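Got the viewer open? Load up the model, keep the selection box handy, and let's take a walk through it.

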Amino acid sequence: AVRVPVLVAALMIAASIAISQSVLTRLADDQENQLQALTGAYLDGLSAAIMPSVLRRDVWETFDALDRARHRYAGITVVHAVVATPENTVIAASDPVTFPVQSAVPAAFLGHFSKSNVLNINETSGRAWTYQDLREEGIFIGRIFVEIDIRELLNVRRDVLYTLVSVNIALTALFSFLGYFLVLRMLKPID
């Protein structure tokens, strides 16, 4: 009467862990692909808008384009956007206090960007970093560095995890109790 419900509970726990892991992995992959697409669209639009001003090294026009782009892309929350020369000198930034014009882009900030230009995600801090090279007729003229707040995406993952865990606990408990009472009922005639 006790072993069968315990076995049912163990099997339910194993199945729920496997299903939850699969769902969370799929959700994380989908979110990452969507974020990559959104940041790609943001960087493509921004690079087209700032290319003439970067060629002229016009700080004000570049800053204005960064400021306007911040409000146009509702799908992503840009924390910092920095436009730099090939030598990593700041042309303009969305936060000029943190990244003053004509200063070197801080090494600590550059450390967040991967060499392969893939989206670098840090789930602990809730941030992601990516960049795009600026090229005019094949000549490298600068780079856009972007830091993005991804806490909302991580909150969705956390909510899905909590929902999966709570539903799985409820189902495991229900099936264990049902198994216990069914086994007792089936053993009653034998008694």
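One term before the first stop: buried means under 20% relative accessible area, exposed means over 50%, and partly exposed is in between, with a 1.4 Å probe and protein chains only. This is a predicted model, in which local features need pLDDT of at least 70 and side-chain atom pairs count only at pLDDT 80 or more, while totals for chains, interfaces and linings use all residues. Residues are numbered from 1 along each chain as its sequence is written, and side-chain values use heavy atoms, with hydrogens and water left out.

**Stop 1: two loops**

Select Arg57, in the loop between α1 and α2 (59-72). Helices (H or I, at least four residues) and strands (E, at least two) are DSSP runs, numbered from the N terminus. Arg57 counts as partly exposed because its relative accessibility is 39%. Its phi is near 60°, a positive value in a residue other than glycine.

Now jump to Gln102, in the loop between β2 and α3 (107-110). Phi is positive at Gln102 too, near 70°. Gln102 is exposed, at 60% relative accessible area.

**Stop 2: into the strands**

Pick Ile148 in strand β5. With a relative accessible area of 0%, Ile148 is buried. Add Val79 to the selection: Ile148 and Val79 are 69 residues apart in sequence, yet 5.3 Å apart in space, C-alpha to C-alpha.

For another pair, try Ala93 in strand β2 (residues 90-93), which is buried at 2% relative accessibility. Ala93 and Arg158 are 65 residues apart in sequence and 32 Å apart in space, C-alpha to C-alpha.

**Stop 3: charged partners**

Side chains of opposite charge can pair when their charged atoms come close. A salt bridge here is a side-chain nitrogen of Lys or Arg within 4 Å of a carboxyl oxygen of Asp or Glu. How many salt bridges does a search of the whole structure find? The search finds 10.

Show Glu147 and Arg127, whose closest N and O atoms are 3.1 Å apart in a salt bridge. This pair links distant parts of the chain, 20 residues apart, with Glu147 in strand β5 and Arg127 in strand β4 (residues 127-136). Both Glu147 and Arg127 are buried. Add Asp149 and Arg151, and you have a network of salt bridges linking Arg127, Glu147, Asp149 and Arg151.

Next, go to helix α1, where Asp30 and Arg26 lie 4 residues apart, about one turn of the helix. Their side chains meet in a salt bridge (3.4 Å, N to O). Asp30 is partly exposed at 31%, whereas Arg26 is exposed at 56%.

**Stop 4: the pockets**

A pocket is an open set of points on a 1 Å grid over the protein atoms alone, where a 1.4 Å probe fits, with protein on both sides within 12 Å along at least five of seven lines; lining residues have an atom within 4 Å of a point. Which residues lie nearest the centre of the largest pocket? Select Gly75, Thr77, Asp149, Glu152 and Leu153, from a lining of 13 residues. The elements giving two or more residues to that lining are α1 (3-56), β5 (139-149) and α4 (151-187).

For the last selection, take the lining of the second largest pocket: Asn88, Leu110, Phe113, Ser114, Lys115, Tyr131, Arg143 and Phe145.
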